[in-house]
Amino acid sequence: MTITPSQLALGFIGGGLSSAAGATHYSACGLDGIWNLEAGAFSRHGDINLETANKWHVDANRLYDDWHKMIDNEKNKLDAVCILTHTPNHAEVIEYVLNKNIPIICEKSITMDVDESNNIRQKLNPKKNFFASIFNYTGYPLIRELKERIAAGDFGKIQQIHIEMPQEGFSRPPSIAGKNTPPQSWRLSDGKIPTICLDLGVHMLNMINFLTNEDPTEVFAEFSNYSVYKNIVDYVQMMLRFGSGMKGSLWMTKTAIGHRNGLTVRVYGEKASSYWYQMSPEELQINHLNGLREIVDRASNCRIAGELRYNRMKPGHPSGFIEAFANLYYDIAGALQEFRNTGTWSTPYVYGFDAAAKGLEIFEAAVESNKKQKWASI
């Protein structure tokens, strides 16, 4: 992929120092010297907004206390705007930015439900409006290596895929730099779709599509609550059926004590199976039909993971979450350049609006399944 040598100018809406992911986005977008954060409306709180701008070296003249003003003033200066506000605010921000025809990079989940996404779809012109969704877990080199090997037929026909994402934050909030970090208030209420599905689940569904190019056609879901935060869903178990005959499952929870973020990917095919665990992201285990167990890392005979872009430092010096995030920002830059030239993009690593909206449709079917306790079609 060829990327224009000149830097691309980026603006943030949300993502201040008090946010969950702002610092990650700032670090990742600048890691390869492609994106430069030039403007921002980082927080509704003036002190945090100013502190964020000072720390990230954003000129005071391009710091805004109102994101509407930022878009109006910066529309001809920015190559893209990254939407990092809380999910309940996404729809309003997306629509406003679309009207100004500024390329959009949007954190998951793009909206709260299907009604909101359908409303945006009516206003989005795919030939005019660039829209990239953030699904950063697919940026890990060994996940991309797995995708390549599945596509090459190394696993034969895929029969099963199982994704887990257990966390403990609702039972044991993490202590960061000596400070407790309880859940953000917006995560403690559910709309049509449980917030845990918007927070964790959309990543998991995207991972399945990323690896297999398939989405489920039927779901059976069970929702529960085990935390002190009542009236919300904090445990989800889902069974999945696919048009190809493949079966799968999702398990996500925020009450699994001992799991900081136990994202696990298991794929089972006719010829081989694989296991990848985010806490050991540099290793992909592949199990062959003849009984051989193979550990693949960036120093192995790789199809993808050995490329220079994934080896900012040589193997043996672990690459992790921020680097995976940076890989996606690299891909988005390439996709944006291609979109400007052709009106579309070809990289399989960047997902647009429709792919992100599909996850909302699947989870609304899951809500129906949980309610009726039977399989629901999508």
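## A salt bridge between an exposed and a buried residue

Let's start with one residue, R260, which is exposed, with a relative accessible area of 51%. This value, like every other one here, belongs to a predicted model. An exposed residue is one with over 50% relative accessible area, so R260 falls on that side of the cut-off at 51%. Its salt-bridge partner is E168, and the closest N and O atoms of the two are 2.8 Å apart. E168 is buried, with a relative accessible area of 5%.

Where do R260 and E168 lie? R260 is in the loop between β11 (247–253) and β12 (264–269), while E168 is in the loop between β6 (158–166) and β7, so the pair ties together parts that are 92 residues apart in sequence.

## More salt bridges

Side chains of opposite charge can pair when their charged atoms come close. How many salt bridges does the structure hold? The count is 24. One of them joins K192 and D115, with 2.3 Å between the closest N and O atoms. K192 lies in the loop between β8 and α7, and D115 belongs to helix α5 (residues 114–121), so this pair ties together parts that are 77 residues apart in sequence. K192 counts as partly exposed at 45% relative accessibility, and D115 is also partly exposed, at 49%.

A salt bridge can also be found inside one helix: R149 and E145 meet through their side chains at 2.8 Å, N to O. Both residues lie in helix α6 (residues 141–151), where they are four residues apart, about one turn of the helix. Are R149 and E145 buried or exposed? Both are buried. Elsewhere, K108, R187, D199 and K254 are joined into one network by salt bridges that share partners.

## Aromatic pairs

Now for the rings. A pair of aromatic rings is described by the distance of the centres and the angle of the planes. The structure has 19 aromatic pairs. In one of them, Y140 and W276 are tilted, with 5.0 Å from centre to centre and 55 degrees between the planes. Y140 is in the loop between β5 (131–133) and α6, and W276 is in strand β13 (residues 272–277), so the pair ties together parts that are 136 residues apart in sequence. Y140 counts as buried at 3% relative accessibility, and W276 counts as buried at 0%.

F210 and Y349 form another pair: their ring centres are 5.9 Å apart and their planes are at 35 degrees, so this pair is tilted. Helix α7 holds F210, and the loop between α8 and α9 holds Y349, so parts that are 139 residues apart in sequence are tied together. F210 is buried, with a relative accessible area of 0%, and Y349 is buried too, at 12%. There is also a cluster of rings, in which ring pairs link W35, Y137, F321, F325 and Y329.

## A buried leucine in helix α9

Try finding L360 in helix α9 (residues 353–372). L360 is buried, with a relative accessible area of 0%. Which residues does L360 touch, leaving aside those up to four places away in sequence? The contacts are S109, I110, T111, D113, V114, S117, I193 and L198. As for distance, L360 and N76 are 284 residues apart in sequence and 32 Å apart in space, C-alpha to C-alpha.

## Two pockets

The largest pocket contains about 1600 Å³ of space. It is lined by 47 residues, and A20, A21, I176, Q184 and R187 are the closest to its centre. R187 has already appeared above, as a member of the salt-bridge network. Which elements supply at least two residues each to the lining of this largest pocket? They are α1 (22–30), β7 (175–176), β8 (179–180), α7 (195–212) and α8 (321–342). The lining of the largest pocket divides into 19 nonpolar, 19 polar and nine charged residues.

The second largest pocket has a volume of about 480 Å³. Its lining has 21 residues, with G14, F42, S43, R44 and T85 nearest the centre. Two or more lining residues come from each of β1 (8–14) and α4 (90–99). By type, the lining of the second largest pocket has six nonpolar, eleven polar and four charged residues.

Terms used: Residues numbered from 1 in each chain as written. Predicted model: local features only at pLDDT ≥ 70, side-chain atom pairs only at ≥ 80, totals over all residues. Heavy atoms only, no water. 1 Å grid on protein atoms, 1.4 Å probe; cavity = no way out; pocket = protein on both sides within 12 Å on 5 of 7 lines; lining within 4 Å. Points joined across faces, edges and corners; volume = space filled by probe spheres on them. Nonpolar A, V, L, I, M, F, W, Y, C, P; charged D, E, K, R; others polar. Salt bridge = Lys/Arg side-chain N within 4 Å of Asp/Glu carboxyl O. Buried < 20%, exposed > 50% of the residue type's maximum accessible area, 1.4 Å probe, protein only. Contact = heavy atoms within 4.5 Å. Phe/Tyr/Trp six-rings, centres within 6.5 Å; stacked < 30°, edge-to-face > 60°.
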